[in-house]
Amino acid sequence: MSHSTVPRSGTEAGTPVTTPVASDDATGAQKAQRSGKLSLRLRFRRDRVLILMTLPAVLLVLVFNYLPILGNVVAFQDYDPYISDNGIVSILHSPFVGLENFQRIFEDSAFWNAVQNTLVLFFVQLVLFFPIPVLLALLINSVIRPRVRAVAQAVLYLPHFFSWVLVIAVFQQMFGGAGMLSQLLRQNGYDGLDIMTNPDTFAFLLTAQSVWKDAGWGIIVFLAALASVPTDHYEAAAMDGAGRWRRMWHVTLPALRPVIALLLVLRVGDALTVGFEQILLQRDGVGTGAGEVLDTFVWWNGVRNQDFGYAAAAGLIKGVVSIGLVLAANKIAHLMGEQGVYEK
């Protein structure tokens, strides 16, 4: 039996086969991947398309969020915006007063009243409002029929699109002095009840309004987290004899814990911002003793009283304290084993 003497490849003929030499970048990338570390240049080359996609959003944040931070210099000035039509010229020519505005703030009893009201409202909303989206998400997720689940989610989410003016108008018609509740009480021989102007229950009123308006928005976040839980975890728990409550405790809640920790850190960082428009619309009804918070305090002194340096100093204090709260809450999240806003 004869065999062909014609070689089928360069290797069989004894001719060495040469392969193209990898470039320096490819070699460096391969070495970096093997070592688990990539240089900044290589990461930029790898993610350049994503970086280009995010550039417009980054520019918007820089222009509308970070660039205005430079205006905090007026907190150390007796700022007069009427010196010039140009705001930068007004800042440059306004007299520098150092820490005088901060000294005035710490000696102002109205400022400390606003701080107290802000903290009280924050704690009430943290206890009464924050858990409700979690509980509603668990309730909706337990509904078996998809149509019922979709209708419930849509009904709860709809008030998020209402303005605060409309929300407060609805509550006024329900719980005001001439509202449905007062009329019902009077028809049955009782005195009327005006919850909308009661300073003692103002924090609970604001929390109820926030729950009705924004609980549906929070449900979406937790439902998205629940959708990522593999179904085989529930099946394995059911095979082990776990009932509905034990599956929720050992499968569902651990899946929600990272999201809850993240939102809790953000909520603590936003503790001094408790709803400017919502409170401003009802501030006069309950008086400044219960209705003045830091945001309305800054607005009243800056916009209404034209004391811009004083208001800027109060806003700067609020921003610094908020950053400290975020860092502290994030540190606590790390100690509890969660990632928080950023990793260690």
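This briefing describes the fold, surface and nonpolar cores of a predicted protein model. The chain contains 18 helices and 0 strands, where helices (H or I, at least four residues) and strands (E, at least two) are DSSP runs numbered from the N terminus. Local features need pLDDT of at least 70 and side-chain atom pairs count only at pLDDT 80 or more, whereas totals for chains, interfaces and linings use all residues. Residues are numbered from 1 along each chain as its sequence is written, and side-chain values use heavy atoms, with hydrogens and water left out.

**Chain totals**
- Among the 344 residues, 28% are buried (under 20% relative accessible area, 1.4 Å probe, protein chains only).
- The accessible surface (Shrake-Rupley method, 1.4 Å probe) is about 22,300 Å², and carbon and sulfur atoms contribute 65% of it.
- Of the contacts (heavy atoms within 4.5 Å) with a separation of 6 or more, 62% join residues 24 or more positions apart.

**Helix α18**
- The end C-alpha atoms of α18 (residues 308-335) lie 41 Å apart, which agrees with the 40 Å expected because its 28 residues advance 1.5 Å each (1.5 Å times one less than the number of residues).
- G337, just after α18, has a positive phi of about 90°.

**Nonpolar cores**
- The largest nonpolar core (buried Ala, Val, Leu, Ile, Met, Phe, Trp, Tyr and Cys residues joined through side-chain atoms within 4.5 Å) has 21 residues, with L121, F202, V274 and I279 making the most contacts inside it.
- Two or more residues of this core come from each of α6 (109-128), α9 (164-175), α11 (202-227), α13 (244-269) and α18.
- Beyond its neighbours within four places in sequence, F202 contacts I279, Q282, V286, A290 and G291.
- Another core, apart from the largest one, has 17 residues, including F102, F111, V115 and F297.

How values were computed:
Buried means under 20% relative accessible area, exposed over 50%, partly exposed in between (1.4 Å probe, protein chains only).
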